[in-house]
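Subject: The structure to look through

Hi there,

Here is the structure I promised to hand over to you. Have a look at it first, and then read my notes below.

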Amino acid sequence: MARARRIQDTELPEAEAIRRAQQGDAAAFERIYQLHNRRVYSLCLRMVGNTAEAEDLTQEAFLQLFRKISTFRGESAFSTWLHRLAVNVVLMRLRKKTGTESSLEEVTEPDEESGGPRKDFGAPDLKLSGSIDRVNLKRAVDQLPAGYKAIFVLHDVQGYEHNEIADILGCSIGNSKSQLHKARMRLRELLHETERDKAREERQAFKRDAAGED
Amino acid sequence: MMMRQTTGRTLSALMMGWRAAGNMAVILLFGAASPVYAHHLQKQFDVQSHPLITFHNPSGKVTILSWNKPQVLVVADHDSPKIEVDAEQMGNRIDVLTHQLADQINPDELRANYTITVPEDAELQIHNDSGEVTVTKILGDTSVETVAAGVDAQDMGGYFVVQTVGGSFECARCSGRIEVHSISGNLQLVDDHSSSIFAQTSTGDILLDGDFLPNGVYRLKNYSGAIDVKFSHRDSFDVSATSLYGKVDNQAKLTPPSHFSTRPPKYARSLFGSFNQGRAKLELTSFNGTISIHKRD
Amino acid sequence: MGMTRCEEFWNRSEAWMENERHPEDSDHFAACPRCRALIADLEMIRKAAPLALPETEPSARVWSSLRAQLEKEGLIRAQGSKWWQNLLPTGVFRPALAGAYLGLVIIASVTFGWRNHSKELALIHDAWLDRAQNAMAPLQAQLNSAEAKLVPAAQTQNSDVTATLNRNLAIVDNMISMCEKSVRDDPQNEITRDYLYTAYQQKADLLATMAQSGAEGR
């Protein structure tokens with residue numbers, strides 16, 4: 001009987017799990033956690049780049065969710081609501097770290113000098129080599145400003161649409177589109193820099209080898 | 001977990017003896033400035049970051065302040081023995097609640113006044129049916145529900161949601177996302193620096209007199225009251241204003257819009273266009289009220 | 001100094017990536033290797049992202065620690081009564097409110113579902129009216145039934161609250177009747193349907209508040 005009940009709980013559809021969680025059913029809380037923990041954790045991990053901190057933030061986001069679940073009435077999608085909470089938790093942590101009271105607008109409109117893409121038309125024509133190295137892309141994403149990172153991960157990694165991102169981040173759809181584009185442009189620059197560094201290292205290694213042979 | 005508590009029926013104690021008589025004279029002299037209540041509660045709790053404070057009170061003046069200590073201080077006063085005020089900690093959550101002890105109770109006896117001081121990053125869920133609610137400088141998410149109580153907020157930084165049936169709402173210098181719903185309350189949003197405002201009242205008036213941030217979205221909607229928006233020559237927004245059976249009065253020199261999102265019926269008074277570069281989005285809707293878009297004095 | 005064609009293309013590359021293409025850009029794109037390289041790189045980044053950054057699972061520690069915190073805060077209890085049940089109105093009111101909300105779902109589907117059929121609206125205008133009125137009838141009955149039970153019970157001991165609730169109920173009722181008239185006069189008007197929906201939602205919320213106030217006031 002207990003096993004049957006367990007199977008039912010793990011197969012509970014999301015809407016039913018939410019309804020039961022609103023009545024305080026512990027198994028329903030677990031089901032909601034199972035359904036969404038990977039996405040929330042992955043978002044937190046990409047935002048802060050540290051597994052221990054990402055786990056803390058995931059826990060905090062779900063805690064806030066479960067404290068408020070009785071107020072959820074389905075005006076927006078549940079996952080959008082949860083992601084909004086998660087992004088707010090992350091931004092609050094980043095705000096605390098930097099010690100500034102930055103608004104979401106500042107986070108989604110980073111200073112172009114420090115983190116935004118440059119339009120360097122004088123640069124040599126470069127196309128990234130055949131495929132993108134996974135490690136390099138991860139490193140480049142880590143270097144993005146928080147606002148770009150959030151939108152890039154939500155859209156290009158997790159597949160959210162711009163209207164959903166606008167809802168999650170409390171910005172306009174146009175803002176979401178333009179920040180995503182700036183994020184990709186900045187990533188391209190960072191990946192080019194990595195390729196240039198790699199080529200330079202190879203040249204230096206070649207020179208060293210050549211000098212050694214002489 | 002540290003907790004200090006002082007509670008007592010201070011007035012009845014004071015009334016005993018000559019010393020009490022002296023104090024009474026002081027109270028009578030200065031009573032209007034600093035009222036003394038029969039029942040007083042003061043509790044302080046140590047909390048971690050982002051504590052949740054839930055508050056439930058039928059009637060009274062509620063003041064929420066913030067400080068930079070990881071502590072929550074609850075001070076409550078009331079006169080009636082028919083209610084009891086209480087504050088309890090469960091993990092990182094503080095529940096503050098007024099209990100009704102008697103079945104028969106008159107409106108004055110329901111009244112309890114609170115001053116609650118919380119860390120800036122606290123999250124608040126406040127329910128106060130009547131009286132007034134003042135909230136200042138909270139950076140965490142805050143929700144306030146009232147029936148008749150007015151809500152006065154300043155310097156709020158988080159996601160701020162207010163639902164009031166008939167209370168008024170005033171929000172000054174707030175920078176977080178603001179959402180307010182009312183049926184008959186007047187809503188005033190002044191000197192705010194928010195990128196997202198949604199304000200809806202049915203018969204109340206709405207005043208928006210703050211910054212229009214680039215990419216900000218400002219949606220004001222009512223049924224029959226006035227919607228009054230102030231702007232300066234430096235602001236930049238796309239505006240869409242429709243009053244179905246009322247009127248729209250505009251002082252902003254607008255350039256025509258590139259597209260319509262929802263085309264209103266022909267008989268409605270409508271206005272669409274961009275002011276400067278149209279960087280923010282302003283949506284104003286009324287059923288039969290007057291919408292005014294006026295230059296700031 | 002004017003912008004070069006590449007600069008113009010770069011400025012519009014956001015739209016290009018969203019498949020919104022400026023007529024002048026296609027020729028330039030075909031001729032310019034630099035701009036083709038830009039778009040190829042951006043496409044490659046877009047495609048590589050989900051593969052390079054796969055979703056991963058947090059350690060089991062997160063759920064066990066979260067669960068402990070939820071239990072500590074009294075948010076979950078595997079057995080026994082739920083703490084919030086004390087805050088809810090008594091059971092007699094809940095079916096009525098559930099009905100009211102169900103009604104709102106019906107009206108919402110009628111109000112908003114029709115946006116998807118706007119092209120056919122003119123043809124099936126009469127059918128819509130019938131459907132809308134049929135949908136409204138049970139909603140009105142449910143709301144009226146809830147109101148009949150709740151309004152007398154909602155005489156709380158807080159006279160400010162009772163007066164405010166009654167005054168606002170009258171306001172919402174008046175709005176509903178005005179909006180219903182408007183919807184009948186101009187059923188194609190999305191704005192009036194939106195106002196009617198809002199008014200019904202406000203009435204259901206108000207009745208829920210009355211139920212809660214009445215229950216607490218006793």
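Let me start in chain B, where S3(B) and strand S7 (residues 112-119) pair in the parallel sense over 6 bridges. Strands here are DSSP runs of E with at least two residues, helices are runs of H or I with at least four residues, and both are numbered from the N terminus. Two strands pair if DSSP finds at least two bridges between them. Within this pairing, Thr63(B) stands opposite Thr115(B) in S7(B).

Before we go on, please keep in mind that this is a predicted model: local features need pLDDT of at least 70, side-chain atom pairs count only at pLDDT 80 or more, and totals for chains, interfaces and linings use all residues. Residues are numbered from 1 along each chain as its sequence is written, while chains are lettered from A and ligands numbered from 1 in the order in which they are written.

Which other strands pair with S3(B)? Strand S8 (residues 123-136) of chain B does so in the parallel sense, over 12 bridges, and there Val62(B) has Val133(B) as its bridge partner. Strand S6 (residues 93-100) of chain B also runs parallel to S3 (residues 52-67), joined to it by 5 bridges. In that pairing, Phe55(B) faces Val96(B) of S6(B). A general point to remember when you look at strands: in a regular strand the side chains alternate between the two faces of the sheet.

Now for the other two chains. Chain A has 10 helices and 0 strands, and chain C has 9 helices and 0 strands. Of the 214 residues of chain A, 46% count as buried, meaning that 20 or more other C-beta atoms, placed from the backbone, lie within 10 Å of the residue's own. In chain C, buried residues make up 33% of the 218 residues.

Next come contacts, which are pairs of residues whose C-beta atoms, placed from the backbone, lie within 7 Å. In chain A, 65% of the contacts with a separation of 6 or more are between residues 24 or more positions apart. For chain C, 72% of the contacts between residues at least 6 apart in sequence join residues at least 24 apart.

How many residues does each chain give to the contact of chain C with chain A? The contact takes 39 residues from chain C and 39 residues from chain A. On the chain C side, H1 (5-11), H2 (13-17), H4 (33-52) and H5 (60-72) each supply at least two residues, and H4(C) gives the largest share, 13 residues. That side has 23 nonpolar, 5 polar and 11 charged residues. Here Ala, Val, Leu, Ile, Met, Phe, Trp, Tyr, Cys and Pro count as nonpolar, Asp, Glu, Lys and Arg as charged, and the others, Gly among them, as polar.

One helix pair is worth finding on your screen. The axes of H4 (residues 51-68) of chain A and H5(C) come within 10 Å and cross at roughly 35°; axes are lines fitted to C-alpha atoms, for helices over the stretch in contact, and angles run from 0 to 180 degrees between N-to-C directions. Residues that meet there include Phe62(A) and Leu63(A) in H4(A), and Val62(C) and Leu66(C) in H5(C). The residues of this contact divide into 6 nonpolar, 4 polar and 2 charged.

Finally, the contact of chain B with chain A takes 13 residues from each of the two chains. The side of chain B has 4 nonpolar, 6 polar and 3 charged residues.

Happy exploring!

Terms used:
A residue is buried if 20 or more other C-beta atoms lie within 10 Å of its own, exposed if 12 or fewer, and partly exposed in between; C-beta atoms are placed from the backbone.
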